[in-house]
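Please open the model in a viewer and keep the selection panel at hand. The tour below moves from one selection to the next and describes what is found at each.

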Amino acid sequence: MPVATLLPFTATPNRKSASPTSFRLTEKFILLLVFSAFITLCFGAIFFLPDSSKLLSGVFFHSSAVETNTHTGPDSSDAGSAGNDDRLLAKIKKDHEKALLEAKDTLQKLPDVIQNDILADKAKVTKESMGKGAKDGNNLPFIEYHRPPGATGLEPQDPETRERRAKIKEMMKHAWDSYKQYAWGSNELRPVSKHGHSSNLFGSIKGATIVDALDTLYIMEMFEEFDAATDWVEKSLDFNVNAEVSVFEVNIRFVGGLLSAYYLSGKEVFRRKAVELGEKLLPAFKTPTGIPWALLNLKSGIGRNWPWASGGSSILAEYGTLHLEFMHLSRLSGNPEFAQKVMNIRKVLNRLEKPQGLYPNYLNPNSGQWGQHHVSVGGLGDSFYEYLLKAWLMSDKTDEEGKKMYYDALQAIETNLMRKSTNGLTYIAEWKGGLLEHKMGHLTCFAGGMIALGADGAPGDKTGHQMEQAAEIARTCHESYARTTLKLGPEAFRFDGGVEAIATRQNEKYFILRPEVIETYMYMWRFTHDPKYREWGWEAVQALEQHCRVDGGYSGIRDVYASSPNYDDVQQSFYLAETLKYLYLLFSEDDHLPFEHWVFNTEAHPLPVIRKDKTDRPNEVE
């Protein structure tokens, strides 16, 4: 609209006026009377109606900024009232002129500039509301969503690979459909007895399998199942429980699963739920050192550590496996506290002396001192090292502190823990007070993939050396499978007493659908394209189908050396989150969740690399 049209008494150019000589004297007199009456009415409204100044400001400007002296007591005077009215009229005129200038400036801007101004104002208002104490999921800052590349991938060109990948998708469908039919809403499924199963790791929180499987459903393009899972999350996932949970397990499965689902799909419900749960975990850090408790009551905020953990210590793999998720929580919530908590953990660790450069598994959160000197790259230690490397990668390789901590730790592991058996199998032993226990856990088998992932950034000329180490660990872990009756790996295997890569104790012979060996195969395939890794993965698929598949899903096995399976009757949520996902990616093209754009948390939930460009946004859609 032209500015001139906004002024009621402004002459309009190029418009002809009527000639005054065309009116008779009588008509002029009548017009004069009407005009006089109109003027009298207007002035009467301004000066004689009660509270007229406030009325005018309210009608024309809807503003509370104009304040007048309206009290009518003995202290009021006619002169004062007239002065107030004059000031009011001047204020109205000034505001009117200001509004016209703003309108003129706006109309002269390009549409893209106007749109950016609107978005900036919206983000500013949201940020201000967050600063005033609004911390629930409905007051998150505005973020323009951009899906990173590779959320779904192309079909493999090779017919055999395509067929094998389709088989793994069918396995996922069987596991999911069985859970939905027999245990919907429970944390996990008992596939033999066909009912729900809930571990005390999650307290009263329900739906671990649903949240853990979200991203697997999405990347396998099982969108109908993904939508059903999304609907359950929106309507039924509840964190307002009076129960004690494992901070570590809830973080990697629930927070990680929700974050990944958000980045893959862009659905806001996942961001809201992830931030809501993250805020409920923050009281775990209320210790003298800031090293979090292992267990936390989500309602009371009271935390404690496992009673068996070296005099009430926190565990390295638990407090050291929060970094990836908490950095993303800060980014998606606008709350820097998440990032500050995990960065403080590093400060505590960097102040401590490391025995032989190694990180013991136990740290007292009250004193800030190590507990007993037990070091493991398997259980109790594993994912701490993984997150040092991945924190550097996820930061777009800007987190130099995480990088240094990882490569220094890896050097200490190679020097003190990595050994070769008599027949040439490389393994990673455990260190207890300076003495080696020549045992390697199934959990430790993730290290082959980790070392391969970090080899390219290795200092000096160690890239080739680290790729050789990764390949040797992959071979050892494959041997632990090949040397069992059922061709599935035991929970731990030993290199002493004349045996190699074999479990010798009954309580180490079970298999609970773990993913770590498959995970290493996937990384080794991506970096080498050596076909043996796909063949080894397919051997595992055949063993899973033959020995773990039952009518109601997939079950773990109590003894992999027995001639026939004895089921443990649990379909772990990580079987859908990790084992089947890594198998699917092993038989996918490299453009599916490419490593330059995605980093997997320790539960195989993909999180995007945080780009440090001008916009600080996730990568654009392909």
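Select helix H8 (247-265) to begin: in this predicted model, H8 gives four residues to the lining of the largest pocket, the largest share of that lining. Next, add the other elements that give two or more residues to the lining: helix H10 (316-319), helix H13 (382-394), strand E13 (439-441), strand E14 (492-494), helix H17 (516-528) and helix H19 (573-586).

With these elements displayed, turn to the pocket itself. The volume of the largest pocket is about 1100 Å³, and 42 residues line it. To centre the view, select Gly379, Leu380, Leu443, Glu491 and Arg514, the lining residues that lie nearest the pocket centre. Colouring the lining by residue class will show 16 nonpolar, ten polar and 16 charged residues.

Now keep H13, one of the elements of the pocket lining, and add helix H15 (residues 447-455), against which H13 packs. How far apart are the axes of H13 and H15, and at what angle do the helices pack? The axes are 10 Å apart and the angle is about 30°. Because angles under 35 degrees count as roughly parallel, H13 is roughly parallel to H15. The crossing of these two helices is left-handed.

Finally, show side chains at the contact. On the H13 side, select Tyr385, Glu386, Leu389, Lys390 and Leu393; they meet Met450, Leu453 and Gly454 of H15. By class, this contact of H13 with H15 comprises five nonpolar residues, one polar residue and two charged residues.

How values were computed
Residues are numbered from 1 along each chain as its sequence is written. This is a predicted model: local features need pLDDT of at least 70, side-chain atom pairs count only at pLDDT 80 or more; totals for chains, interfaces and linings use all residues. Side-chain values use heavy atoms; hydrogens and water are left out. On a 1 Å grid over the protein atoms alone, a cavity is a set of points where a 1.4 Å probe fits but cannot get out, and a pocket is an open set with protein on both sides within 12 Å along at least five of seven lines; lining residues have an atom within 4 Å of a point. Grid points are joined across faces, edges and corners, and a volume is the space filled by probe spheres set on the points. Ala, Val, Leu, Ile, Met, Phe, Trp, Tyr, Cys and Pro count as nonpolar, Asp, Glu, Lys and Arg as charged, and the others, Gly among them, as polar. Axes are lines fitted to C-alpha atoms, for helices over the stretch in contact, and angles run from 0 to 180 degrees between N-to-C directions. Angles under 35 degrees count as roughly parallel, over 145 as roughly antiparallel, 65 to 115 as roughly perpendicular and the rest as oblique. A crossing is left-handed if the near helix is turned anticlockwise from the far one by less than a right angle, and right-handed if clockwise. Contact means heavy atoms within 4.5 Å.
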